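Hi,

Here is the structure I promised to pass on to you. Have a look at it first, and then read on for what turned up.

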Amino acid sequence: MSIASSARYLSPAYSLRCLCKRIPHQSQWHSSWFGAVSRGQRGLATVTNVNQRHYDVIVIGGGHAGSEACAAAARAGARTALVTQKTETIGTCSCNPSFGGIGKGTMIKEIDALDGICGKVTDKAGIQFRVLNRSKGPAVWGPRAQIDRALYKRYMQEELNSIPNLEIVQGSVADIIVDREASDGQPTEGGHYGNINGVRLKSGEIISTKRIVITTGTFLGGEIHIGLEAYPSGRMGEAATFGLSKSLKEAGFKLGRLKTGTPPRLDGRTIDYRNLASQPGDDPPMPFSFMNDRVQIEEQLMCHSTNTTAETHALLRKHLHESIHIRETIKGPRYCPSLESKIIRFHTKERHMVWLEPEGINDHVVYPNGISMTVPAAVQEKLLRTIPGLENVTMLQAGYGVEYDYVDPRNLRATLETKMIKGLWLAGQINGTTGYEEAAAQGVIAGINAGLSSQGKPQMIITRSDAYIGVMIDDLITKGVSEPYRMFTSRSEFRMSAREDNADLRLTQLGRSHGVVGDKRWRHFQDEKAQIDELRELLEGKKLGSHDWIREGVQVNLDSEKRSAFNILRLNGMSVKKLADYVNGVDKFSEKIARRVEIEGQYAPYIARQAAMLKAFLRDENLRLPPNIDYNQIIGLSSEERALLNTTRPESVGQARRIEGMTPNGCIRLLEYVTKRKRIAAASEGVLGESLVGF
């Protein structure tokens, strides 16, 4: 792979705002489209030039969403370019040096099941692995890993540089170029108002493409806050991007502002660990990737914990007025709040936990998880020294807040393609999410679908019942966001079946059917699945009555029911190893395969009870709504429901049901509309068939 720098201006071109015509009033949602542009300004319909570079897919941004998106598009067979401001910052972890957690860890496993890359890279760069919620059932386990920042960035760049069909282009995108001639100001049959034609870099160079994935993270209109100071930046020391925000606004996309923050960085050599609680990793560490049985760095580092004090809180309250970041007009992450927010919201709490996490093996920098803050740097330094163990700490970098633009995700389809512009996908924090895992999960889906589109292949849709990724996307596109969205296991109604341990069984075959899972992973998956199926078959083949099980020393209820050895796995403390005395051949399987089958056995009755709910869910999901539907023509909808439907433009009756504010009556009216359309379509096909026979 080459790393090309955009440096020369090839031809004049019109940006997105100059390749458009006014759209007639369609609804409250669409009325803002290109409102300031007249018909006389529409400019060129295409931007082709024999000297221009061309790619099937262009991904903008080299963060976690962008890395997964460009790799996924290339796996789908698309000639792909990753355009990023600095090639050396690809794979940088802007905030905490960790991946995974409750809900989040499951998504990393799902990305890996689709042949994504962040799980494999984490297994190489991880320095401490722990499964959160281990004391509870596997349905809510949260795999998590501390990583070495430098190693993660290095291995991610190596991974991307090894991918065929992928080129990295250094440059900053000033604008996206859209051709709106095809729509003539009216929505196409697919509901689009224009087609992607390329990007214009700040250097003036035009790169042509029909498909773009925007993954700008906090760089979209980014502004850093420390105390009362504010300056444009997406990450400390790196410039924000503003051209894309302007393009998206002028294209009619609804933009909002969100905020996040990061804590100060500490010199670990100046921390007194003697009286602090230590936290070791799991032994042995559990890898993220289904391709790995072991992680690369098995000698794990130790984390430590401390806490804030009454003195910490008093000092912070005294200086709250010196931070512009805590204003409530812009929403921050509710589930990962700044220390200022904790003091305000939980004013009776006397102390807050602080995790001291090393940032690398050969790195003395420590990340104090739990105390992101934006008060002036001098105040931060004083505040840190009120925390046990940090009395003499040296602060290497002040904590800061970031405020940035996001696009209302209700603009998106389930594929993460925008409803307004054909060939434009959005992924990551631009859609209102927070966290590396949420960004990477959106990136892999957007990249896969952009790549498939370039090859003329069907799109890949993951539903709520398939994966946590599907839950997140559905939440975003049906409900929108009012604060940064974060994944939890509680968000999924299918968490009994969508667990971290079976992500490959749920998704790898789907990915293979769409051509985005490579041969190596597919062979590995087939081999492991064959072993799981064989072991389960052996266990299900051994059936005994309750008297016989009791004679064998297995305590079951005394009844007339015959139970298989697979059913017996539901009993507390039961394992495949213990059943080896009763079932021939089960002792030949590895501990990993045995554990996977044990979990399947434990959850089998719950999954069976979930089947009816799943059937109803899939029925509603399969009732598709036309993208250009006129909700004003559907009798019986309230004005509020029409406004909600015009804003969200759901793709199915199932999605419509999940929109907050939709009533049961409104859903019935939609169902009647879909049913009527089906009857009319069937009747039309019948008439056409008769006429052809007569001919």
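How many residues in the lining of the second largest pocket are nonpolar, how many polar and how many charged? The lining divides into 19 charged, 15 nonpolar and eight polar residues. Please keep in mind that this is a predicted model.

A little more on that pocket. The volume of the second largest pocket is about 1,100 Å³. Its lining is made up of 42 residues, and those closest to the centre are Met286, Glu591, Lys592, Ile593 and Arg595. Three elements give two or more residues each to this lining: α12 (519-541), α15 (576-579) and α16 (591-621). Of the elements, α16 supplies the largest share, with nine residues.

The other thing to show you is a sheet. Four strands form an open sheet in the order β14-β13-β22-β15, and their pairing is antiparallel. At the edges are β14 (229-232) and β15 (255-262); each has a single partner strand, so one side of each has no neighbour in the sheet. On average, neighbouring strands here are turned by 25° against each other, ignoring direction.

Within the sheet, you may like to look at β13 (residues 223-226) and β22 (residues 400-407), which pair in the antiparallel sense over three bridges. To find your place in that pairing, start from Ile224, which stands opposite Val402 in β22.

Enjoy browsing, and write back whenever you like.

Best wishes

Notes: Residues numbered from 1 in each chain as written. Predicted model: local features only at pLDDT ≥ 70, side-chain atom pairs only at ≥ 80, totals over all residues. Heavy atoms only, no water. 1 Å grid on protein atoms, 1.4 Å probe; cavity = no way out; pocket = protein on both sides within 12 Å on 5 of 7 lines; lining within 4 Å. Points joined across faces, edges and corners; volume = space filled by probe spheres on them. Nonpolar A, V, L, I, M, F, W, Y, C, P; charged D, E, K, R; others polar. Pairing = 2+ DSSP bridges. Axes fitted to C-alpha atoms, helices over the stretch in contact; angles between N-to-C directions.
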